[in-house]
Amino acid sequence: GKVVDIFQSPDDKFKFFFGVSVKPIAKFPFEGGILDCGIKVFEEPPEDNSFDYTYVAGLDHYKHTESTGDSIGSLYILKRKVNINDSFSDSIVCSFCSRPASMVIFNRTVEMLLEAYGAQVLQENADISFQQYLEPKGKDIKLLANGQEIVQRMISSDSRQVNKYGLSPTVKNKEYLLNLVISYCWEELEAYIDSEGNEIMILGVERIFDEELLQEILEYKPGKNVDRIIAFGHALVWARYLDDINVIPKVKGQKIKKLTNEEYHEKMNNIRGRVRNKYGTRRSNPYGRR
């Protein structure tokens, strides 16, 4: 993805823009301490950033500003299944994993990203710094997903949470979340039609372009601190709940087209070699300047 910083338009509180960032991206495992990181963008926010449930997000926060542990604040924004020929359908469009000197900096960045994409976030509610940041602004209802409703419908009908926002990290909730991530990675998807008319399949993990998340998935084992997986899993839980209650974004109709081998590889090469935004290509224009 393109590494950027996000800014709010000074004359329009609803408009946001990205600038090329020189900040680092936190590697896995995180070595602890303070690290102010850039944002990874795979697809830019839409011009219309209304909250129509096209985008959803998952958040795994942290307890203290500085730590010698390997925990890092992680936000993933997912584009739901809105068009079968959309290259980013059911895929991550933005990731932000950081541990800056101030929690306010982290929370403000998360707030701007959610508003830029028009996405509500499902948080892990063991750490509620972001919720506490939003409450004085009256934005908790606007930006936080109601985890109580999700848990009772998707996981356990008799479950009760002290905090209705987000998911409590119970054994049942974590098991459900991790199983969704596993299912997402192993899902078989039709990629293209070969020269003999056969449907060629790929695994769902190929939809993940975030390298650090892939590294966490590769190295996952019970007990390991995997903040990115948890954040991504919360976005998936939120998306699948909306699917289950039939909340479908309003999109223009699109004819379904089965791709040929050549068309498929041309599409994938375009994704890998170009970020779909105003900064141009990664290969020929690494700094995004015209």
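**Cavities, core and burial: how the terms apply**

Analyst: The protein chain has eight helices and nine strands, which are DSSP runs (helices H or I, at least four residues; strands E, at least two) numbered from the N terminus. This is a predicted model, in which local features need pLDDT of at least 70 and side-chain atom pairs count only at pLDDT 80 or more, while totals for chains, interfaces and linings use all residues. Residues are numbered from 1 along each chain as its sequence is written, and side-chain values use heavy atoms, with hydrogens and water left out.

User: Why is C97 called buried or exposed?

Analyst: C97 has a relative accessibility of 10%. Buried means under 20% relative accessible area, exposed over 50% and partly exposed in between, with a 1.4 Å probe and protein chains only. C97 therefore counts as buried. The residue lies in strand β6.

User: Which residues is C97 in contact with, leaving aside its neighbours within four places in sequence?

Analyst: They are A26, C37, I72, G73, S74, Y76 and R228, where contact means heavy atoms within 4.5 Å. C97 and R228 are 131 residues apart in sequence, yet their C-alpha atoms are 7.7 Å apart in space.

User: What makes K13 buried or exposed?

Analyst: The relative accessible area of K13 is 57%, so K13 is exposed. K13 sits in the loop between β1 (2-8) and β2 (16-20). From K13 to M112 the C-alpha distance is 9.9 Å, with their positions 99 residues apart in sequence.

User: How many cavities of 30 Å³ or more does the structure hold, and what makes them cavities?

Analyst: There are two. A cavity is a set of points, on a 1 Å grid over the protein atoms alone, where a 1.4 Å probe fits but cannot get out. The volume of the largest cavity is about 70 Å³, and that of the second largest is about 40 Å³; a volume is the space filled by probe spheres set on the points, which are joined across faces, edges and corners.

User: Which residues line the largest cavity?

Analyst: I25, G38, I39, K40, Y76, S95, F96, C97, D210, E212 and R228 do; lining residues have an atom within 4 Å of a point. Two or more of the lining residues come from each of β3 (39-41) and β6 (91-98). The largest share, three residues, is from β6.

User: How does the lining of the largest cavity divide into nonpolar, polar and charged residues?

Analyst: Five are nonpolar, two polar and four charged. Here Ala, Val, Leu, Ile, Met, Phe, Trp, Tyr, Cys and Pro count as nonpolar, Asp, Glu, Lys and Arg as charged, and the others, Gly among them, as polar.

User: What lines the second largest cavity?

Analyst: Its lining consists of E124, L167, S168, P169, N173, K174, L177, I230 and H234. By residue type they divide into four nonpolar, three polar and two charged. The elements α5 (171-186) and α7 (227-244) each supply at least two of them, and the largest share, three residues, comes from α5.

User: What makes a nonpolar core, and how many residues has the largest one?

Analyst: A nonpolar core is a set of buried Ala, Val, Leu, Ile, Met, Phe, Trp, Tyr and Cys residues joined through side-chain atoms within 4.5 Å. The largest one has 67 residues, and those with the most contacts inside it are L75, I77, L113, L114, Y117, F130 and F232. Its largest share, eleven residues, comes from α7. Not counting residues up to four places away in sequence, L114 touches F51, A57, L75, A119, V121, F130 and L143.

Terms used:
On a 1 Å grid over the protein atoms alone, a cavity is a set of points where a 1.4 Å probe fits but cannot get out, and a pocket is an open set with protein on both sides within 12 Å along at least five of seven lines; lining residues have an atom within 4 Å of a point.
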